[in-house]
Each structure stands twice: as C-alpha cells, then as structure tokens.
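Subject: Structure for you to look at

Dear colleague,

I am passing on the structure we spoke about, and below it I have set down what was found there. Please keep it open beside the text as you read.

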Amino acid sequence: MKRISRFAVSGALTVVTALAVAATASAQSQQTLVGNWAPIMHEDQTERGAGPDVGDWAGLPITEAGRLRAEAWDAALLTVPEHQCKPHPSIYGYRGIGGPRIGRIEDPNTFAVVALTMHIPWMEQRRTIWMDGREHPPEFAPHTWQGFSTGKWEGDVLVVDTTHLKAGWVRRNGVVTTDQVTMREYFFRHGDIMTHTYVISDPAYLSEPLIKTNGFRLAGNDNLAPYPCQAVIEVDRAKGEIPHHLPGQNPYLTEYANRHKLPVVATRGGAETALPEFARSMPA
C-alpha cells in the first residue's frame, strides 16, 4: 500500500485551514462593512464645507487641457437649474458632507452576497457594487453619476473598480474629469474606523492617477433622512447663457496666491507641484 508522508498530510491540512480562515475572514469583512459611516473630515479640510478657493489646484496632477478647463469655470454655474440638483459622482461623493450607508443584497436561494449597496443621503447618491463576478458592460453602455462598479475581497480589503461614469469633478473649483474617467477603491475596516482609498484615472485631464483617502467612523443612527431637491430659477439670464470665463479672461485665478503670498505657478497644479523638489525650486 502506498504510504502518504505525514508532512504532505500536514501541508494539506495547513492549506485547508488557511482557506477556511480566509473564507471566514472574507465573510466577516463583508458583514462588518455593513452599517452607517460618518465622515471624520480630518483630511483636506479645504475641500469640505464651502469648498476650496478658485485657482487652488496645487498638488493635483492636471494636464494642460485640465488646467484650461478649470480656468474657464465659474461658480455661478451652480445657479443654473440643470446643475442645482446634480449628485456628486462616485469619484467625489465620499468627500462630501455625508457618509455612506452600506448594505447587502443576497441571493434568496443561496444567501450568497450578490452586491453591496452604498447610499450617501446628499442628493440621494446610490451605488451598487456587484460582487458576483459579472463583467463590466460594453463601452457604448450608458454612463451615470455613480458608474458601474464591481468588487472583490482581497483578504479583509474590499477592492472596487468603477467604469461608465459621467464627466464629473475631483475638486469643486473647476477641476473636472471626462467620461473616460475610471476609479479603483479600497475599503478597509479597523475597529470602528473605515479607511477609504481611491485612485482616479482620466487620460484627458489627469497626467497620472490621483490618489486620495477618506476616514469614516461607524455611526449608531440607523435612520437616513430623504434629500428632496427641486430646481428653481435663481438668476434671470438670457436663454442659453451659461456662466463661464473665456481663455485668459478669468479675473479671480490669482486671488488665492496673492492672499497667501504664494507663487502663482505653485497654485496652478500639475503633478510636479506635489513634490518637495518643486517647493525647493521656488524663490525664497
């Protein structure tokens, strides 16, 4: 009779045990992300509340095309009825004033997790993150504010890939994206804290991926208030008039630099402005 080495048996048991532990950890992770999460708002404070100053794009890896688009932006755009009730796109929603409520959709027969849901109350931002291995739709499929998201567990980290996004924004002062933008996210819970790291890529307006993190704390309140929005006429304008600035005609671009006594070139963005070498190259 063929004998089996006790080392082989031990190794097989180790593999089985590791797989069982990994499966248990994955199941626990899926459950522990479920709940209401409140933003801590301790990062990038200038992007919270009222938002950043016009012309403050320091450290953002925007291309020349992205910079020209940002220079054309006028805050009065938000008074146009078509823009008043827009939700944040998923590439920015977690920077907003509300945290996500995470839930699960299960197969009624197997109870396997088909999808995770994320709902941020402000402007009713609702996402579905498909966990069942389905493919992303073809390129010509419709784009939405939240995009099409698929997720998987890598250990106890939820990894999410999102495509099919509408043209959106990464900062609320004119730094926008095209509908070619994609995003990868990492959600990780440690205690009552959830860390969210996201990587945004746009071949037109970003010269390299933009990476940011958000922190959330588990909240006890299980009730989310509705957020109805109705557009109104705030400013009388001629039909078809859209607030904007033509190239070279935005008078507000240097206010931020002048107020803080910064070199204007340092506020205009570009991947190099995030590096210490750039800061050392500025005149004292």
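Two strands are said to pair if DSSP finds at least two bridges between them, and strands themselves are DSSP runs of at least two residues, numbered from the N terminus. Please bear in mind throughout that this is a predicted model.

With that in hand, Val 160 can be placed opposite Glu 185, which belongs to E9. The strands concerned are E6, residues 157–163, and E9, which run antiparallel and are joined by six bridges. They belong to a wider arrangement, in which nine strands close into a barrel in the order E1-E2-E3-E4-E5-E6-E9-E10-E11, with mixed pairing. On average, and with direction ignored, neighbouring strands of this sheet are turned by 30 degrees against each other.

Strand E5 may be a good place to follow the barrel in detail. It covers residues 148–154 and is mostly covered, since five of its seven residues are buried. On one side E5 pairs with E4 in the parallel sense over two bridges, and there Ile 129 stands opposite Ser 149 of E5. E5 also pairs with E6, in the antiparallel sense and over seven bridges, where Phe 148 has Thr 163 in E6 as its bridge partner. The hairpin of E5 and E6 has two residues between the strands, and in it Gly 155 takes a positive phi near 65 degrees.

Next come the aromatic side chains, for which the count comes to four aromatic pairs. In one of them, the rings of Tyr 94 and Phe 187 have centres 6.0 Å apart and planes at 65 degrees, and because planes over 60 degrees apart count as edge-to-face, the pair is put in that class. Tyr 94 lies in the loop between helix H3 (81–84) and strand E2 (101–106), whereas Phe 187 lies in strand E9 (residues 182–190), so the pair ties together parts that are 93 residues apart in sequence. Tyr 94 and Phe 187 are both buried.

Tyr 94 also forms an aromatic pair with Phe 216, again edge-to-face, at 6.3 Å centre to centre and with 80 degrees between the planes. Since Phe 216 is in strand E11 (residues 210–219) and Tyr 94 is in the loop between H3 and E2, this pair ties together parts that are 122 residues apart in sequence. Phe 216 is buried, as is Tyr 94, and Tyr 94, Phe 187 and Phe 216 form one aromatic cluster.

Two charged side chains are also placed over rings. The charged end of Arg 134 sits over the ring of Trp 130, at 3.6 Å from its centre, and Lys 166 lies over the face of Trp 145, at 5.6 Å from the ring centre.

Finally, there is the empty space. The count comes to one cavity of 30 Å³ or more, and the largest cavity holds about 40 Å³ of space. Which residues line the largest cavity? Tyr 94 appears here once more, together with Ser 90, Met 118, His 119, Ile 120, Gln 125, Arg 127 and Gln 146. The largest share of that lining, three residues, comes from E3.

The largest pocket contains about 850 Å³ of space. It is lined by 38 residues, of which Trp 73, Leu 77, Leu 78, Lys 86 and Trp 169 lie nearest its centre. H3, strand E7 (169–171) and strand E8 (175–176) each supply at least two residues of the lining of this pocket.

With best wishes

Technical notes:
Residues are numbered from 1 along each chain as its sequence is written. This is a predicted model: local features need pLDDT of at least 70, side-chain atom pairs count only at pLDDT 80 or more; totals for chains, interfaces and linings use all residues. Side-chain values use heavy atoms; hydrogens and water are left out. Rings of Phe, Tyr and Trp (its six-membered ring) pair if their centres lie within 6.5 Å; planes under 30 degrees apart count as stacked, over 60 as edge-to-face and the rest as tilted. Helices (H or I, at least four residues) and strands (E, at least two) are DSSP runs, numbered from the N terminus. Buried means under 20% relative accessible area, exposed over 50%, partly exposed in between (1.4 Å probe, protein chains only). A charge sits over a ring if NZ of Lys or CZ of Arg is within 6 Å of the ring centre and within 35 degrees of the ring normal. Axes are lines fitted to C-alpha atoms, for helices over the stretch in contact, and angles run from 0 to 180 degrees between N-to-C directions. On a 1 Å grid over the protein atoms alone, a cavity is a set of points where a 1.4 Å probe fits but cannot get out, and a pocket is an open set with protein on both sides within 12 Å along at least five of seven lines; lining residues have an atom within 4 Å of a point. Grid points are joined across faces, edges and corners, and a volume is the space filled by probe spheres set on the points.
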